[in-house]
Amino acid sequence: MPSARKDPSTLAVYERSSHRHPNTNTLTLDVALIHFENVGLRYGMGPEILRDLTFDIPRRSFQFLTGPSGAGKTTLLRLLFMSLQPTRGLIRMFDRDLSQIPRAELPMLRRRVGIVFQDFRLLDHLTTYENVALPLRVRGKDEASYRTDVIELLKWVGLGERINVLPPVLSGGEKQRAAIARALMDRPEILLADEPTGNVDPPMARRLLNLFLELNRLGTAVVIATHDLGLMDQVDARRMILTEGRLDIYE
Amino acid sequence: MNDLNRLKNALKKSGSKPEKTSATPSGSSSGGRRTEMRVRPTGPILPPSNIQGNALMVVIAIMSFLACLTFGGVSMVRATASSWESQISREITIQIKPQDGLDMDAALKKARDLALTFVGTKQGTIMDDAATARLLEPWLGTGLDLKELPVPRLVIITIDEANPPDFAGMRDLLKAEVPQAFLDDHRTWVGRLVSMAHTTVLIGMSILILVFTAMILTVIFATRGALSGNRHIVEVLHFVGAESGFVASEFQKHFLKISLKGSAAGGALAALLFASASLWQSNSLATPQSDQATALFGTFTIDFFGYLGIVATMIVIALLTTLTARFTVMRTIDEIDLIRSDPGRSDGLPSS
């Protein structure tokens with residue numbers, strides 16, 4: 001393999017990941033990464049957007065989250081990402097009750113979750129490289145220590161030649177991949193993606209899906225919120241279907 | 001190793017170009033054939049200049065210019081007022097009232113010599129006929145013959161301010177030797193002038209306080225305005241796992257730079273203005289314009305204390321901007337977390 005010497009650095013990325021989170025071993029594989037119990041959520045005095053959600057997201061699992069527009073997919077993702085607190089019910093993440101965690105510790109938990117926003121949320125004044133490196137930068141890491149990793153990851157997602165480009169110049173698919181790369185940069189234990197194929201053509205959507213599947217094989221749990229039936233039909237994966245605030249799960 | 005290949009294959013299978021990245025070959029990572037991919041030197045997390053930032057810089061420059069100007073002006077007025085006081089109290093006058101049979105010239109000389117025997121007096125001048133006539137001209141008109149009128153005459157004694165003579169002793173001695181003499185140490189006059197000078201300084205101080213308050217509020221609001229355009233950056237940093245302290249320190253650094261630039265420009269401009277005014281004044285000494293300006297404002301020089309004040313103003317503005325940035329960012333993060341705990345407030349974030 002010509003890239004034989006290239007592998008160790010990237011492989012190390014994932015080895016480091018398992019060192020960092022020693023829970024990710026066979027003994028605890030069956031422990032759910034995220035556990036929802038009777039979770040309900042309403043905005044203000046309005047009706048409940050989400051009702052009695054009880055489910056697990058196991059480690060290394062792969063699932064689609066789907067349902068009609070307005071069914072609460074994004075709200076559920078925000079619950080998963082700790083940017084909302086449920087009105088009632090219990091959420092456990094990484095074996096900790098979220099309601100018991102002080103605010104100052106939330107950034108530490110967020111670092112274990114990667115999220116791809118529907119609108120990407122790339123910073124327009126930073127290059128693709130800098131955007132993707134941002135999660136490491138805010139952790140106070142030295143740039144020299146991660147430069148190779150970031151470039152490697154950018155090559156994985158097919159942005160090897162767009163490293164020094166500012167986001168406004170990127171196409172929709174490229175922005176999507178940059179956003180995904182940013183979410184993956186710090187090797188999260190779970191990746192949440194909101195409509196990751198919403199802005200790309202079917203071949204690119206397939207490509208991104210393969211990327212997510214591959215990530216999942218490497219040990220990352222993946223939740224993809226989408227209403228693209230064509231995308232879901234390509235993979236035989238767990239489906240979580242939200243309808244009017246209720247969740248049905250098809251294994 | 002397999003992991004990477006699998007991922008690469010996944011990409012290839014789905015029709016992507018093989019990741020050759022021919023643009024910049026990178027050697028260390030792939031068998032020595034490629035060199036490290038070049039990336040630009042990492043830019044700051046906050047855009048170094050944008051419209052809000054530039055506007056803030058201009059506002060800070062203007063406000064610090066005005067504040068420094070007021071500060072210099074007030075310190076100038078204070079200096080002028082204190083010089084009025086000292087100039088007036090630098091002189092005393094002996095008035096000799098005419099009386100039948102009094103040899104006025106002898107009495108004047110005697111009074112002067114008596115006064116000069118005291119320690120603390122410097123110089124004595126007898127106001128001669130011509131000078132007295134000039135002094136009375138506004139009231140009595142020209143062509144006045146002093147001999148014909150019982151006009152009091154004056155002796156002006158300059159005194160050493162630092163070591164003033166014994167006024168009471170002098171008064172007693174004069175009374176004994178020249179009964180017609182009356183010593184005026186201008187105390188009433190000086191008292192009034194001092195209170196006027198104090199009022200002037202007080203007014204200046206009030207203006208200074210107003211300008212500073214306006215400056216503080218303007219800087220705070222301008223900083224918050226500039227920050228509001230950066231809310232998305234705060235959010236992104238927050239969501240990629242930055243701690244609030246990190247986000248706040250990034251913004252602090254950024255706004256410290258802006259405010260230092262702005263206040264340095266404003267302060268330097270004010271200092272330059274004072275320096276050039278005092279230069280103009282010293283170059284055009286004794287010209288009518290300069291004399292008028294001097295009479296009105298005193299000398300334009302602001303002392304070391306004034307320049308120190310300008311520097312202090314700059315520091316205050318820099319601190320103010322930095323702290324405002326910190327508090328505002330912290331509050332933005334608090335708001336994001338508030339939305340978290342109160343889903344009813346979903347402002348700024350997309351809901352489903």
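In which helix of chain B is the place of Phe274(B)? In this predicted model, Phe274(B) belongs to helix α8 of chain B, which spans residues 244-283. The side chain position is buried, because 21 other C-beta atoms lie within 10 Å of that of Phe274(B), and the criterion for burial is 20 or more. Phe274(B) and Gly73(B) are 201 residues apart along the chain, yet their C-alpha atoms are separated by 9.2 Å.

The helix that carries Phe274(B) also packs against helix α10 of chain B, formed by residues 304-341. The axes of α8(B) and α10(B) are 8 Å apart, and the angle between them is about 155°. The two helices are therefore roughly antiparallel, since angles over 145 degrees are placed in that class. The crossing of α8(B) past α10(B) is right-handed. The residues of this contact comprise 19 nonpolar, eight polar and one charged.

Chain A contains eight helices and ten strands. Of its 251 residues, 47% count as buried. Among contacts in chain A between residues at least 6 apart in sequence, 73% link residues that are at least 24 apart.

Strands β2, β1, β4 and β5 of chain A, in that order, form an open sheet with antiparallel pairing. The edges of this sheet are occupied by β2(A), residues 48-58, and β5(A), residues 96-97, each of which pairs on one side only. Strand β1(A), comprising residues 32-42, is joined to β2(A) by seven bridges, and the two strands run antiparallel. Within this pairing, Arg42(A) has Glu48(A) of β2(A) as its bridge partner. Helix α2(A), residues 73-80, packs on the sheet and touches β1(A), β2(A) and β4(A), the last of these covering residues 88-93. The direction of α2(A) makes about 125° with that of β1(A).

A parallel arrangement is found around strand β8 of chain A, which pairs in this sense with β3(A) and with β7(A). Strand β3(A), residues 62-66, is connected to β8(A) by four bridges, and Gln63(A) stands opposite Val223(A). Strand β7(A), residues 190-194, pairs with β8(A) over five bridges, with Ala193(A) and Ile224(A) as bridge partners. Strand β8(A) itself, residues 221-225, is mostly covered, five of its five residues being buried. Ala221(A), Val223(A) and Ala225(A) point one way from the strand, whereas Val222(A) and Ile224(A) point the other way. Burial thus extends to the residues pointing in either direction from β8(A).

A further helix pair in chain A consists of α4(A), residues 128-137, and α6(A), residues 172-184. Their axes come within 7 Å and cross at roughly 30°, so α4(A) is roughly parallel to α6(A). The crossing of these two helices is right-handed. On the α4(A) side, Thr128(A), Asn131(A), Val132(A), Leu134(A) and Pro135(A) take part in the contact, meeting Ala178(A), Ala181(A) and Arg182(A) of α6(A). Classified by residue type, the contact of α4(A) with α6(A) has five nonpolar, two polar and one charged residues.

Terms used. Residues are numbered from 1 along each chain as its sequence is written. Chains are lettered from A and ligands numbered from 1 in the order in which they are written. This is a predicted model: local features need pLDDT of at least 70, side-chain atom pairs count only at pLDDT 80 or more; totals for chains, interfaces and linings use all residues. Two strands pair if DSSP finds at least two bridges between them. Two residues are in contact if their C-beta atoms, placed from the backbone, lie within 7 Å. Axes are lines fitted to C-alpha atoms, for helices over the stretch in contact, and angles run from 0 to 180 degrees between N-to-C directions. A residue is buried if 20 or more other C-beta atoms lie within 10 Å of its own, exposed if 12 or fewer, and partly exposed in between; C-beta atoms are placed from the backbone. Angles under 35 degrees count as roughly parallel, over 145 as roughly antiparallel, 65 to 115 as roughly perpendicular and the rest as oblique. A crossing is left-handed if the near helix is turned anticlockwise from the far one by less than a right angle, and right-handed if clockwise. Ala, Val, Leu, Ile, Met, Phe, Trp, Tyr, Cys and Pro count as nonpolar, Asp, Glu, Lys and Arg as charged, and the others, Gly among them, as polar.
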